[in-house]
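Subject: Handing over the structure

Hi,

Here is the structure I promised to pass on to you. Have a look at it first, and then read on for what turned up.

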Amino acid sequence: VQEVDGGYAPDTSLTAAENLLTANPNLDLIYATGEPAVLGAMAGAESQNRDDLKICGWDLTEEIARGIEQGVVLATVRQDPVDFGRAAMETAVQLAQGESVEKDVAVPITIVTQENLNQFVGGNATPTAEGTPIA
């Protein structure tokens with residue numbers, strides 16, 4: 001319907017989400033591109049009493065996990081920094097050894113929803129006992 005720029009900060013993302021919802025009262029879904037945008041959209045939905053609004057986005061933090069538990073966030077993309085670091089180091093070693101590498105290196109991501117949230121967080125949206133990072 002409309003694209004808005006939240007400036008990758010929760011407060012400006014909140015303003016952007018509120019403006020978006022005001023301009024589009026029948027909007028039922030917001031796709032947010034990162035944690036600040038997701039948090040801004042969550043706060044915007046709350047400030048405008050939009051219990052019907054669903055939010056999808058990127059990053060899994062404790063706040064976003066709580067949003068998933070509450071049904072406000074429909075889904076989010078979980079990126080694992082360990083996987084990114086491992087892929088970067090493996091690529092660096094290949095380059096240092098004179099090997100050719102792909103221009104783009106795919107690193108697995110996971111779509112997190114209410115159905116699989118418990119794999120990534122413990123009770124009440126806290127990190128698991130094994131220390132698996134949320135973000």
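I'll begin with a pocket. The lining of the second largest pocket splits into six nonpolar residues, two polar ones and four charged ones. Keep in mind throughout that this is a predicted model. That second largest pocket holds about 250 Å³ of space. Among the residues that line it are L39, M42, A43, R50, D51, K54 and V72. α2 is the top contributor to this lining, giving five residues.

Now for the largest pocket, which has about 440 Å³ of space. Three elements each give two or more residues to its lining: α1 (10-23), β1 (29-31) and α2 (35-47). Of the elements, α1 gives the most to that lining, with four residues. In total, 20 residues line the largest pocket, and V4, L20, I30, Y31 and A32 are the ones nearest its centre. By type, the lining comes to 13 nonpolar, five polar and two charged residues.

Next, the strands. β1 pairs with β2 (residues 54-58) in the parallel sense, over three bridges. If you want a place to look, find Y31, whose bridge partner in β2 is C56. β2 also pairs with β3 (residues 73-79), again in the parallel sense, this time over four bridges. There, W58 has V77 in β3 as its bridge partner. As you follow either strand, it helps to remember that side chains in a regular strand alternate between the two faces of the sheet.

How do the helices fit between these strands? β1, α2 and β2 form a right-handed β-α-β unit. β2, helix α3 (residues 62-70) and β3 form a right-handed β-α-β unit as well.

That leaves helix α4 (residues 81-96). Is its length what you would expect from its residue count? Its 16 residues, at 1.5 Å a residue, should span 22 Å, and the C-alpha atoms at its ends are 22 Å apart, so the two agree. At the start of α4, a side-chain oxygen of D80 comes to within 2.9 Å of the backbone nitrogen of V82. After α4 comes G98, which has a positive phi, near 80°.

If you only have a few minutes, I'd start with Y31: this residue is among those nearest the centre of the largest pocket, and its bridge partner in β2 is C56. After that, take a look at α2, which gives the most residues to the lining of the second largest pocket and belongs to a right-handed β-α-β unit with β1 and β2.

Cheers

Key. Residues are numbered from 1 along each chain as its sequence is written. This is a predicted model: local features need pLDDT of at least 70, side-chain atom pairs count only at pLDDT 80 or more; totals for chains, interfaces and linings use all residues. Side-chain values use heavy atoms; hydrogens and water are left out. On a 1 Å grid over the protein atoms alone, a cavity is a set of points where a 1.4 Å probe fits but cannot get out, and a pocket is an open set with protein on both sides within 12 Å along at least five of seven lines; lining residues have an atom within 4 Å of a point. Grid points are joined across faces, edges and corners, and a volume is the space filled by probe spheres set on the points. Ala, Val, Leu, Ile, Met, Phe, Trp, Tyr, Cys and Pro count as nonpolar, Asp, Glu, Lys and Arg as charged, and the others, Gly among them, as polar. Two strands pair if DSSP finds at least two bridges between them. A crossover is right-handed if, with the strands pointing away from the viewer, the path from the first strand over the helix to the second runs clockwise. The expected span of a helix is 1.5 Å times one less than its number of residues. A polar contact is a pair of N or O atoms within 3.5 Å; within protein, one must be able to donate a hydrogen and the other to accept it, and residues adjacent in sequence count only if both atoms are side-chain atoms.
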